[in-house]
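Student: I should like a close look at the salt bridges of a single chain, and at the residues and loops around them. Please set out the criteria as they arise.

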Amino acid sequence: MSELDSLYREVILDHYKNPRGHGVIDGPDAEAEGQNPLCGDEVSIAVSFEGDTIADVKFQGRGCAISQAATSMLMDMVKGRSAEEVASMSREELLDEVGIPLTPVRLKCALLGLGVLKLALHKGRGTPLPEEWAGLEELELS
Amino acid sequence: MAVTAQPRLDAERIRADFPIFEQEIHGKPLAYLDSANSSQKPRPVLDALRTFYETSYANVHRAVYELGLRSDAAYDGARQKAGAFINAETTAEVVFTRNATEGLNLIAYGWGLDNLGPGDLVLVTELEHHSNFVPWQYIAHRTGADFAAIPIDENGELRLEALDELESRGRVKLVACGFVSNSLGTVNPLERLAAWAHERDAVLVVDAAQAAPHRPVDVQALECDFLAFTGHKMCGPTGIGVVWGRRELLERMSPFELGGEMIRKVTVERTTWNELPHKFEAGTPPIAQAVGLGAAIDYLTGVGLEAIERHEAELTSYAWGRLSEVPGLILYGPSPERRAGIVSFNLEGIHPHDVAQVVDSEGVAVRAGHHCNQPLMTSLGLSATTRASFYLYTLPEEIDRLVDGLHRARKLFS
């Protein structure tokens with residue numbers, strides 16, 4: 001299998017073309033959005049809780065096959081788990097599921113959704129932010 | 001028969017000057033279609049860097065020994081070349097910076113902080129690279145000035161008729177505009193903007209990062225007030241750029257960075273600034289990089305900027321035709337004759353990142369993303385494009401290989 005075929009393996013293309021958990025939640029308990037500043041990939045995620053459990057989670061976004069497929073896989077992985085558990089979920093757990101060789105640039109694409117989800121959980125449940133999301137400040141000019 | 005010297009270049013021969021093309025990428029010859037991002041380097045530039053370090057290197061402007069004098073001569077010689085390259089009246093107006101971004105920040109801080117305030121209006125364009133957008137947005141905010149962007153039309157060209165309406169927002173003090181758009185290749189009507197700005201006593205800042213490597217740039221003919229460009233996009237090393245400014249403006253400006261070299265006299269009570277251009281060059285400058293830029297200027301002028309411009313115009317027109325044949329491909333920006341050697345496009349249903357990844361497997365290097373042009377992407381309703389850009393070493397066959405790669409991407413994602 002060529003390098004290209006292993007990157008764009010069937011399951012990735014399937015999640016890209018038919019994303020799971022794609023859409024919006026009416027009146028979500030928490031939501032967040034994020035961009036990959038390198039390439040402009042965008043993902044927004046909404047979560048609703050039942051107690052501490054993630055009852056529903058949905059995403060919307062524009063981006064490459066890797067970022068959108070990885071976020072789609074993430075939706076399947078986190079539904080029904082506790083906010084605490086998902087907030088401490090390792091990147092490796094997601095990357096194992098994605099299961100393709102990634103260069104450092106594409107790694108950022110694959111991990112965008114996980115970062116945004118953890119940001120939403122932080123906002124909604126006060127769970128810790130992952131390191132790469134700490135200290136973000138906005139220059140709000142208007 | 002009339003004899004007209006139509007300058008032409010031999011891209012195959014030029015290519016042999018660039019060692020990077022002697023290798024294969026993924027088992028294929030390298031098709032480097034990302035020169036708008038950064039250019040490759042010819043042997044004369046690499047040799048100049050090495051020879052300078054091996055024979056003439058010392059710090060500049062402070063040594064009395066022989067090596068220091070050689071280094072001074074090389075560094076000042078590079079400044080002469082940079083000044084002549086853009087037809088500056090004097091090298092006092094030619095300041096070395098780290099890159100175009102630093103040059104534009106130098107103007108924004110050095111001129112903007114002292115000359116802008118409430119009631120003033122700073123105008124940029126929707127086409128601007130973030131480096132000629134964000135510094136002005138920030139300095140306008142710091143000084144209380146208003147900030148607006150000249151919009152573009154559906155062809156990616158500036159809508160100058162919008163200027164009248166924009167003007168009603170405040171006293172126009174500064175217009176910042178790129179010479180050539182880094183995403184769309186649009187060549188902007190700088191003469192008209194210069195005239196419009198000067199009628200209002202405003203200054204015109206030109207970002208020439210995408211023009212200086214590819215076409216003749218003449219600051220006097222452009223009638224601009226400031227102009228910035230960078231070495232690494234024009235066959236030179238990274239870490240060296242140039243900002244040019246009108247002498248009377250530079251003389252009245254505050255320094256940007258402070259420290260050694262930029263001073264005349266320092267006491268505990270007060271410090272006075274050095275003469276131009278040293279007032280704006282604090283600390284040890286990028287000496288060897290300036291020498292490398294000088295060698296790059298020699299190389300480009302040896303080939304001829306008119307010949308480079310013409311070669312790229314032919315490639316652009318060829319690429320426009322070939323890309324138009326690809327089903328589902330959308331091209332952005334003006335028609336080929338109204339743009340420089342930059343082509344941005346999208347393949348329906350495939351993100352630019354994926355397009356770039358697929359063509360990379362064919363040895364073709366293109367840029368994918370927002371190209372530091374987020375306001376432009378927003379205006380076009382996009383998050384990203386794929387961009388191919390050409391230079392003096394680009395061959396039509398490389399464009400063919402890009403097109404083959406695009407067909408492969410379509411097949412993979414079908």
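Tutor: The following account takes the salt bridges of chain B, then some backbone and surface details.

This is a predicted model, in which local features need pLDDT of at least 70 and side-chain atom pairs count only at pLDDT 80 or more, while totals for chains, interfaces and linings use all residues. Residues are numbered from 1 along each chain as its sequence is written, chains are lettered from A and ligands numbered from 1 in the order in which they are written, and side-chain values use heavy atoms, with hydrogens and water left out.

A search of the whole structure finds 32 salt bridges over all chains, each being a side-chain nitrogen of Lys or Arg within 4 Å of a carboxyl oxygen of Asp or Glu. One of them joins Glu362(B) to Lys28(B), with the closest N and O atoms 3.6 Å apart. This pair links distant parts of the chain, 334 residues apart: Glu362(B) belongs to the loop between helix H12 (352–360) and strand S15 (364–365) of chain B, and Lys28(B) to strand S2 (residues 28–29). Helices (H or I, at least four residues) and strands (E, at least two) are DSSP runs, numbered from the N terminus. Glu362(B) counts as buried because its relative accessibility is 18%, whereas Lys28(B), at 28%, is partly exposed. Here buried means under 20% relative accessible area, exposed over 50%, and partly exposed in between (1.4 Å probe, protein chains only).

Arg338(B) and Glu157(B) form another salt bridge, their closest N and O atoms being 2.7 Å apart. Arg338(B) lies in the loop between strands S13 (329–332) and S14 (342–347) of chain B, and Glu157(B) in the loop between strand S6 (146–150) and helix H6 (163–167), so the pair ties together parts that are 181 residues apart in sequence. Arg338(B) is partly exposed, with a relative accessible area of 46%, but Glu157(B) is buried at 14%.

Within helix H3 of chain B, Arg70(B) and Glu66(B) are four residues apart, about one turn of the helix. Their side chains meet in a salt bridge of 3.0 Å, N to O. Both partners are partly exposed, Arg70(B) with a relative accessibility of 37% and Glu66(B) with 46%. Leu67(B) also lies in helix H3 (residues 66–85), and its relative accessibility of 33% makes it partly exposed.

The loops of chain B hold further details. After helix H3, the loop that leads to strand S4 (94–97) contains Asn87(B), whose phi is near 55°, a positive value in a residue other than glycine. Asn87(B) is partly exposed at 33% relative accessibility. Asp201(B), also not a glycine, has a positive phi of about 60°; its place is the loop between helix H7 (190–199) and strand S8 (203–207). With a relative accessible area of 70%, Asp201(B) is exposed. The peptide bond from Leu276(B) to Pro277(B) is cis, with omega near -5°, and Pro277(B) lies in the loop between strand S12 (271–273) and helix H10 (287–303).

Finally, His371(B) occupies the loop between strand S16 (367–369) and helix H13 (374–380). His371(B) counts as buried because its relative accessibility is 0%. A polar atom of the His371(B) side chain lies 3.2 Å from the backbone oxygen of Gly369(B).

Definitions and conventions
A polar contact is a pair of N or O atoms within 3.5 Å; within protein, one must be able to donate a hydrogen and the other to accept it, and residues adjacent in sequence count only if both atoms are side-chain atoms.
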